[in-house]
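Here's a short set of exercises to work through with the model open in your viewer. Try each task before you read its solution.

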Amino acid sequence: MSETLEQSFVKQLKENQNIVHKICRLYTADSDAHNDLFQEITIQLWKAFPKFRGESKFSTWAYRVALNTAITLYRKSTRSVNTVTYEAQQHFFVQDEYNHEEEERLKLMYQAVQQLNDIEKALVYMYLEDKDYTEIAETLGISEVNARVKMNRIKGKLIKILNP
């Protein structure tokens, strides 16, 4: 492959690596699994990059490839990629900004999201990242209407989980 293709890929990946890290955090329980999944997603992105036509933003395309890779590995029983528990996350707060009540609410929300299936987790993740339904639908390969319906159902599920 040409060097310019490689340079373009590396530049795009560097600019969008947080997307991959966030997905890795969502689908892994420890740093080793996170690193393994990050490497696998990077490999899949590189393999698919020559076919990237630029019809969508690189970030949207990378979300789709990363989510598909994570979900595929998550579903395989021979290779376990465990869902992250909230306590395994590393949170860095400046002492002045720390709010114990907010931390407890976040902990409960993470625990509730962990009870969702893999597609629902991906949808919630993108929703919380302020992605619009058009981008969510495109990334997940579903219609915009379906994304909205699923999100409304997920909200209901989360309410039931959080308020038994």
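**Exercise 1.** Find which residues Thr60 is in contact with, leaving aside its neighbours within four places in sequence.

*Solution.* Start with the cut-off: contact means heavy atoms within 4.5 Å. With neighbours within four places in sequence left out, Thr60 touches Glu135, Glu138 and Thr139. Next, place the residue: Thr60 sits in helix H3, residues 58–75 (helices are DSSP runs of H or I, at least four residues, numbered from the N terminus). Last, check the burial: Thr60 has a relative accessible area of 5%, so it is buried (buried is under 20% relative accessible area, exposed over 50%, partly exposed in between, with a 1.4 Å probe and protein chains only).

Before going on, some housekeeping: this is a predicted model, where local features need pLDDT of at least 70 and side-chain atom pairs count only at pLDDT 80 or more, while totals for chains, interfaces and linings use all residues. Residues are numbered from 1 along each chain as its sequence is written, and side-chain values use heavy atoms, leaving out hydrogens and water.

**Exercise 2.** Work out where the two partners of the Glu135 and Lys57 salt bridge lie, and whether each is buried or exposed.

*Solution.* First the criterion: a salt bridge puts a side-chain nitrogen of Lys or Arg within 4 Å of a carboxyl oxygen of Asp or Glu. Glu135 and Lys57 pass at 3.8 Å, N to O. This pair ties together distant parts of the chain, 78 residues apart: Glu135 is in helix H6 (residues 133–140), and Lys57 is in the loop between H2 (31–48) and H3. Glu135 comes out at 11% relative accessible area, so it's buried; Lys57, at 51%, is exposed.

**Exercise 3.** Do the same for Glu120 and Lys157, which also form a salt bridge.

*Solution.* Their closest N and O atoms are 2.7 Å apart. Glu120 belongs to helix H5 (residues 118–128) and Lys157 to helix H7 (residues 144–162), 37 residues apart, so this pair links distant parts of the chain too. With a relative accessibility of 14%, Glu120 counts as buried, whereas Lys157 is partly exposed at 37%. The whole structure holds six salt bridges, including one between Arg53 and Glu55 at 3.0 Å, N to O; both of those residues are exposed.

**Exercise 4.** Check the length of H2 against what its residues should span.

*Solution.* The expected span is 1.5 Å times one less than the number of residues. H2 has 18 residues, so it should span 26 Å; the end C-alpha atoms are 25 Å apart, which agrees. Among its buried residues are Leu37, Phe38 and Ile41.

Terms used:
Helix = DSSP H or I, 4+ residues; strand = E, 2+ residues; numbered from the N terminus.
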